[in-house]
Amino acid sequence: MPYLIDGHNLIPKLGLQLSSMDDEQELIAALQEFCRLKRTQVEVYFDGAPAGTLTFQKYGAVSAHFIRAISSADAAIENRLSKLGKQAKGWTVVSSDGRVQTAGRAVHARILASEEFATMVRAEAGKTATKPDQALDQKEVDKWLEEFSRHK
């Protein structure tokens with residue numbers, strides 16, 4: 001199921017800092033990993049794009065929309081939901097903003113609070129965390145030494 005995400009609403013829920021110069025890129029990187037693990041797609045919307053910057057960029061399965069100051073991410077998400085029409089039922093809207101959640105409910109999209117989604121992202125990342133090497137017991141060492149000596 002693809003996701004429509006209110007980016008600046010999610011950033012602090014993942015422990016990232018809105019004041020960071022790279023907050024949006026850090027979120028996009030986390031979302032790319034989430035998409036890779038879940039085999040899904042994400043559209044993320046950010047407010048306040050300065051004039052003269054790109055308003056859309058594709059990062060693999062993550063589509064990032066940078067909304068200029070004359071509008072808002074909330075309005076862009078509402079517009080996208082409206083364009084999806086009946087297909088919106090197959091999408092999940094991620095935001096803790098009441099306006100965005102209301103827009104999602106109006107088109108029967110699944111609603112997920114940013115806090116809940118952040119928990120999902122952390123859980124997926126934790127599943128792939130490197131586990132410490134386990135020591136082999138002497139039997140296993142002997143078995144492998146024997147196997148390697150056969151192939152000399």
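This passage describes a helix pair, the nonpolar cores and two contrasting residues of a predicted model.

In this predicted model, local features need pLDDT of at least 70 and side-chain atom pairs count only at pLDDT 80 or more, while totals for chains, interfaces and linings use all residues. Residues are numbered from 1 along each chain as its sequence is written, and side-chain values use heavy atoms, with hydrogens and water left out.

A convenient place to begin is the helix pair. Helix α2 (residues 23-38) packs against helix α5 (residues 114-127) at an angle of about 70 degrees, and their axes are 10 Å apart. The two helices are therefore roughly perpendicular (65 to 115 degrees, on a scale that runs from 0 to 180 degrees between N-to-C directions). Their crossing is left-handed, that is, the near helix is turned anticlockwise from the far one by less than a right angle. Helices here are DSSP runs (H or I) of at least four residues, and strands (E) are runs of at least two. On the α2 side, the contact (heavy atoms within 4.5 Å) is made by Leu31, Phe34, Leu37 and Lys38, and on the α5 side by Phe117, Met120, Val121, Glu124 and Ala125. By class, seven of these residues are nonpolar, none is polar and two are charged.

One of the charged residues deserves a closer look. Glu124, in helix α5, counts as buried because its relative accessibility is 11% (buried means under 20% and exposed over 50%, with a 1.4 Å probe and protein chains only). Not counting residues up to four places away in sequence, Glu124 touches Phe34, Leu37 and Lys38.

The helix pair also contributes to the interior. The largest nonpolar core (buried Ala, Val, Leu, Ile, Met, Phe, Trp, Tyr and Cys residues joined through side-chain atoms within 4.5 Å) has 23 residues, and Ile5, Leu31, Val44 and Phe117 have the most contacts inside it. At least two residues of this core come from each of β1 (3-6), α2, β2, β4 (62-68) and α5. Helix α2 supplies the largest share, five residues. Leaving aside neighbours within four places in sequence, Leu31 is in contact with Ile5, Leu10, Val42, Val44, Val62 and Phe117. Another core, of 15 residues, lies apart from the largest one and includes Leu4, Ile67, Leu81 and Val107.

Ala51 offers a contrast. This residue sits in the loop between β2 (42-49) and β3 (56-59), and Ala51 counts as exposed because its relative accessibility is 72%. The C-alpha atoms of Ala51 and Met1 are separated by 33 Å, with the two residues 50 residues apart along the chain.

Notes: Angles under 35 degrees count as roughly parallel, over 145 as roughly antiparallel, 65 to 115 as roughly perpendicular and the rest as oblique. Ala, Val, Leu, Ile, Met, Phe, Trp, Tyr, Cys and Pro count as nonpolar, Asp, Glu, Lys and Arg as charged, and the others, Gly among them, as polar.
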